[in-house]
Amino acid sequence: MNTYIFSLLLRCISFITWITLFSNSCVDTASIGNEDNFRLSKLSSRSQTPKTHEYNFNVTIIYGAPDGVSRQIWTINEQFPAPTIEITKGDRVIMNVYNNLNETTTVHVHGLFHQGDPWNDGSVATSQCGIPPKSTFTYNFTVNQVGTYYYHAHFPGQYIDGIYGAFIIHDPEDPYLDEYDEEYIVVLSDWFHTEGKILTKMYFELHFVEPNPNNGLINGKNKYDCTQLYPDTPCNGGECSKFTFVPGKRYRLRIINASTMAPFFFSIDNHILDVIEVEGGYIEKYTLTTVPLNIGQRYSVIVKADQEISNYWMRSAFDYTAYFRNQTTKVYNNAIVHYEGADEKEPTTQFWNDSITSEWKDLDQLVNLKPYYYEELPSSDLTMLLSTDFNMTEGYMNGSMYVPDYNGSTLNKVYQGVREFDADQNVYTFTQPGQVIDILLYNLNNKEHPFHMHGHKFWVLGSFNTNFTGVIPSNATFNLVNPIKRDSVTLEACGWFVIRFVIDNPGVWTFHCHIEWHAISGMVMQMVELPDSITKLDPPQDWINLCDYSMN
Ligand code: C2O
Ligand code: CU
């Protein structure tokens, strides 16, 4: 595009941003980053007999200023990030979701399998029809997994504006239980000063480049330099989240990247981190100063309050090869680790790794992430070769752009006897129980893509940053002995990976890039898994009825 026209467009976009900000003369009433939402209950007080946790969730839009810049936020119960769900393995969760928006919505728990209840997955057009405006739908399921998860709206573009929260499942058999005293949740996210709806419109109709975040948040808060905004824009500079450490205690931090767009490098100045959990699976302790997390990924780390009584920066750093490239000072998203007994001054500590300038990469999962429990890797029955590509506002899986059909989800259709789907549904059907599938996904695009699979964890056998030319190179090395199992993995720019999973969970599950703009652009496929077993499961009538609204 002609650079003059481009700069005009950019100006026009900033003007729109300014208008949306300037019109926000309303009062900020959202509850932002409330510390209690991120402190988990004491280990000793947890009951081990299965409990039912009932949540009444009101999805609603309200003014708030996570980084001091006032805007409308899409919230659950007027809280941002959304309320933490904290349960123990074996518990039941009842989520009554009242949709107070003017459009349909859904709630998806990222990483749950929903074995035997696939209608609870919360993916619009895939596992359910949207919850109509001004009505309630109830998700009701038991959870037999453990670890660190999160939930978010799974309707295009909605979670950009704030509908995400932590979902924590305690494990009475946690092998590391004696190695930490307290637990905190750390939700990392990128943040925009313009609403997702406007950004999406601009992306598709004006500038065809994914919008860059304006800021990043830790547990919903950060500072922002108001002078970067148009004069008179409502902005109070914001504040940082605070984590209080008692000297001598050991903390388990459950870190979640709930971004729309950005991967992060997480670290705490002067403190070493022991990684113990990868997306619900324990690993042998892996000691690091900096943990990279792409969108949808989660890690637990143990950190000891063993430094001088003082204040320290907790940081999630943007990848400078991708964001804020033109800025001379680095942009960190900061929170404060405050030792009890220290003064209330801002930390003056130094970043562990000022040399992070290289391309962002997943934690070296093939070598250093070693599952704590040994699991025999089954051999593969079928290898699927899939490509993905991305061009401006078009995302492709195997050359096909996914177009959601809101008039009835794929799962509903399976119940209605449909077994053949239109090409733009990107459906792949698996009918053999126990079949072991390898997906070799290769990237025709020069950007990385964080892929997430619903309904499963997969073993990561190999991940490469080289072009895939159609045959597996003879020098490619795979990890076939107790490889790491997870649900979110990065496909490197122009690279490829091989993942393995077992066909054992009847349902319809998506496999998609978790960059929200890419998912909206079509970088999504749907796996119809064991359709005959699906129809033997009895979905609730309320779930079927959801489609009555969509059909009208
Ligand atoms: Cu985090 Cu399709 O989900
Ligand atoms: Cu992508």
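How many aromatic pairs does the count come to? I get 29 aromatic pairs. Note to self: this is a predicted model.

**Rings**

I pulled up one of those pairs, Tyr55 with Phe57. Their ring centres are 5.7 Å apart and the planes make 40 degrees, which puts the pair in the tilted class. I also checked burial here: Tyr55 and Phe57 are both buried. Then I followed ring pairs from residue to residue and ended up with a cluster made of Tyr184, Phe243, Phe245, Tyr251, Tyr312 and Tyr339.

**Copper site**

Next I looked up what holds the copper ion (ligand 2). On the protein side I find three donor atoms, ND1 of His449, SG of Cys513 and ND1 of His518, at 2.0 to 2.1 Å from the metal. Written as a sequence pattern, the spacing of these donors is H-x63-C-x4-H. His449 sits in strand E26 (residues 449–453) and His518 in helix H4 (residues 516–520), so to speak two distant parts of the chain, 69 residues apart, linked by the pair.

Are the two histidines buried or exposed? His449 has 0% relative accessibility, so I file it as buried. His518 comes out at 1% relative accessible area, and as that is under the 20% cut-off, His518 is buried too.

**Nonpolar cores**

I went through the largest nonpolar core, which has 124 residues. The members that touch the most others are Met95, Phe167, Leu253, Phe266, Met314, Ile439 and Phe511. Strand E11 (residues 182–191) contributes the most to this core, giving 6 residues. There is also a second, separate core of 10 residues, with Tyr442, Trp459, Leu461 and Phe464 among them.

I picked Leu253 for a closer look at contacts. Skipping neighbours within four places in sequence, Leu253 contacts Tyr184, Val186, Phe266, Ile268, Tyr299, Ser300, Val301, Val303 and Met314. Two of these names, Phe266 and Met314, are also on the list of residues touching the most other core members.

**A four-stranded sheet**

Last entry: an open sheet of 4 strands, in the order E5-E10-E9-E7, with mixed pairing. Strand E5 (82–88) and strand E7 (107–110) are at the edges; each has a single partner strand, so one side of each has no neighbour in the sheet. On average, neighbouring strands are turned by 20 degrees against each other, direction ignored.

In the middle of that order I checked one pairing: E9 (residues 147–153) runs antiparallel to E10 (residues 164–170), with 6 bridges. Which residue of E10 is the bridge partner of Tyr149? I find Phe167, a name I had already noted in the largest nonpolar core.

Methods:
Residues are numbered from 1 along each chain as its sequence is written. Chains are lettered from A and ligands numbered from 1 in the order in which they are written. This is a predicted model: local features need pLDDT of at least 70, side-chain atom pairs count only at pLDDT 80 or more; totals for chains, interfaces and linings use all residues. Side-chain values use heavy atoms; hydrogens and water are left out. Two strands pair if DSSP finds at least two bridges between them. Axes are lines fitted to C-alpha atoms, for helices over the stretch in contact, and angles run from 0 to 180 degrees between N-to-C directions. Donors are N, O and S atoms within 2.8 Å of the metal (3.2 Å for Na, K and Ca); water is not among the atoms, so sites may look incomplete. Buried means under 20% relative accessible area, exposed over 50%, partly exposed in between (1.4 Å probe, protein chains only). A nonpolar core is a set of buried Ala, Val, Leu, Ile, Met, Phe, Trp, Tyr and Cys residues joined through side-chain atoms within 4.5 Å. Contact means heavy atoms within 4.5 Å. Rings of Phe, Tyr and Trp (its six-membered ring) pair if their centres lie within 6.5 Å; planes under 30 degrees apart count as stacked, over 60 as edge-to-face and the rest as tilted.
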